[in-house]
Amino acid sequence: MSNPVFNPIPPRRLDPVSLCFTGLTGLATVLILAILGVILANIVYHGGANFSWGFFTGGTAQDMFDVGKSGVLPMIAGTAARVILMSLFVIPAGVITAVYLTEYARSSSLHTRIIRGAVNNLAGVPSIVFGLFGLGFFINFLGQRLDAWLLPGAAEPVWGKPAILWASLTLAVMTLPVVIVATEESLRAIPQGLREASLALGATKLQTVWRIVLPQALPGILTGGILAISRAAGEVAPILFTGAAYYMARLPQSLTDQFMDLGYHVFILSTQSPNIDKTRPILYATVMVLLLLTFALNLVAILIRARIRTRMRAAH
Amino acid sequence: MSITVNSHPALAGRDLSADAARNAGHPMIETRGLNLYYGPSQALKHISLKVPERVVTAFIGPSGCGKSTLLRCFNRMNDLIDNVRLEGQVLVGGQEIYDPEIDVIELRKRVGMVFQRSNPFPKTIFENVAYGLRLLGVKSKSDLQDRVEKSLRQAALWEEVQDRLHASALGLSGGQQQRLCIARAIAIEPGILLMDEPASALDPIATGKIEELILALKQDFTIVIVTHNMQQAARISDFTAFFYLGELVEYGRTITLFTNPSIKQTEEYVTGRFG
């Protein structure tokens, strides 16, 4: 029998189908980037012109539709406050739910599947529906009962009216699935061996969750928080009926005050102005502030997460 | 003489492992007619054996024979798995540990475990060993330091890590990590140490260190070790139990079981002809 023949390796051929596909994916990427670039450039070009210290620190005391007289400080304060307040509600609630689902509940049981299904469905509910839910549940149901219980016979409702508290709670309900899903993912990524090691040393389940599992999941939890903030900062529909004010002469002082909001203000400026040409520069600048605020809130959360990650890697 | 316990119905009454226990102190762990099911499939079949105090007992057998499952009965780690059902008795220190009155947390403080894959916490070396002590309520810094040092010395790791106690445990080599896990387990002074293939992921040198360590530790601890490595069982254990398909085939002194097994299946396995 002759020796086996090693056939020469043929030269590389260009496959037109894969070439087309590569081109197509590249084109899609360029398109997305171009759209984003046009939007940002447009906003920065028109909005940047109206940027001044006075615009940032000014209120709307004189004429909210007139360039040079209007400012956005109340809206920055209102939007930042409602987002931070929302985080205080949604992060603990979401984390506790995720811990229950991954650490305590039997994954195969019917009621775990029902909870998971409910969380997924919650994520698909349109935001205006959350707004109506907030009005119906928090203000008309909870708020009015609080009024009847705490301040019987009061002429003016204190709790049973739109307020920053109810708007934040409505946003928290809306962003709950985001936090739950992100936390669940980070909990599932923790090796089972760590839990076993802790339990085998005589730790209770709670001790294991508190000392081993949650510290490990912290970066993932913060990712959930970042996603929730990003989603909530720009939302207008859920706060329309639950707390946002068309105009307020002062900043909100308590949880039961209404507030002015950047996103809602953009809507007002673009639909209610008597002179759209005079208002347009403010509109652009306000949109730019909304984007900057969202980026800034994200940046803070990302920096905190990065810090925790480094600390976990170095000191632990 | 070799001692056998066979789950075959005809032999079910013959609990000859009592003899093994008589030869070396009281039984520390005892199972009586233990059956274990994962859902519909039976993983352990009528296991009755006695593990003597302060000796090394090795569980050997091919993959899936139930030896790790049995080991995990002794500190009730099987509780963590859904659909596990258990029949029969497991006694540790004379107490029925599946009694509903038994506090499983307290049981696990008395029965330590070392796992196949080393699983140090992503904390410092010091905090890994101190973890169990803190759970016990040890708060004083000097107490913690003393007991951490003692455990690391017992685990033959002190010399290597004393300069970097506050560095991450994840920076240690695989063998060092496994010895750290042993130090962590013995820090809370359990009477019993369960080891589930503790050296299977280690190189021969690291394995040698673990084996030396096990021989040193048996002065203070009752050790049960699951191993795939027959030479390892022969080197370090006083008693060996051979399992096959969920049954305890043969159990006796290691030297007898390896040189003069009374059951043909055992002989074929320990000589490497099957398994």
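Hairpins and aromatic rings in a predicted model

In chain B, strands β9(B) and β10(B) form a hairpin with two residues between them, and B:L245, which lies in the turn, has a positive phi of about 50°. This is a predicted model, and the description that follows begins with this hairpin before passing to another one and then to the aromatic rings.

The first partner of the hairpin, β9(B), covers residues 239–244, and it pairs with β10(B) in the antiparallel sense over six bridges. A reader who wishes to find the pairing in the structure can look for B:T240, which stands opposite B:G252 in β10(B). How many of the seven residues of β10(B) are buried? Five of the seven residues in this strand, which spans residues 247–253, are buried, so β10(B) is largely enclosed by the rest of the structure. Of regular strands it can be said that the side chains alternate between the two faces of the sheet.

Another hairpin of chain B is made by β4(B) and β5(B), again with two residues between the strands, and here B:G93 in the turn has a positive phi of about 60°. The two strands run antiparallel and are joined by two bridges, with β5(B) consisting of residues 95–96. Within this pairing, B:V92 has B:Q95 in β5(B) as its bridge partner. Strand β4(B), residues 84–92, is also joined to strand β1 of chain B, residues 27–38, by eight bridges, and these two strands run antiparallel as well. One position that shows the register is B:E30, which stands opposite B:L91 in β4(B).

The aromatic rings offer another way into the model, and over all chains the count comes to 14 aromatic pairs. In one of them, the rings of A:F133 and A:F138 have their centres 5.8 Å apart and their planes at 75°, and since an angle over 60 degrees counts as edge-to-face, the pair is edge-to-face. Are these two residues buried or exposed? A:F133 is partly exposed, with a relative accessible area of 36%, whereas A:F138 is buried, with a relative accessible area of 6%. Both residues belong to one aromatic cluster, which is formed by A:F133, A:F137, A:F138, A:F141, A:W159 and A:W166.

Charged side chains also meet aromatic rings in this model. In chain A, the charged end of A:K205 sits over the ring of A:Y104, at 5.3 Å from its centre. In chain B, B:R184 lies over the face of B:F121, 4.4 Å from the ring centre.

Note on methods. Residues numbered from 1 in each chain as written. Chains lettered and ligands numbered in written order. Predicted model: local features only at pLDDT ≥ 70, side-chain atom pairs only at ≥ 80, totals over all residues. Heavy atoms only, no water. Pairing = 2+ DSSP bridges. Helix = DSSP H or I, 4+ residues; strand = E, 2+ residues; numbered from the N terminus. Buried < 20%, exposed > 50% of the residue type's maximum accessible area, 1.4 Å probe, protein only. Phe/Tyr/Trp six-rings, centres within 6.5 Å; stacked < 30°, edge-to-face > 60°. Lys NZ or Arg CZ within 6 Å of the ring centre and 35° of its normal.
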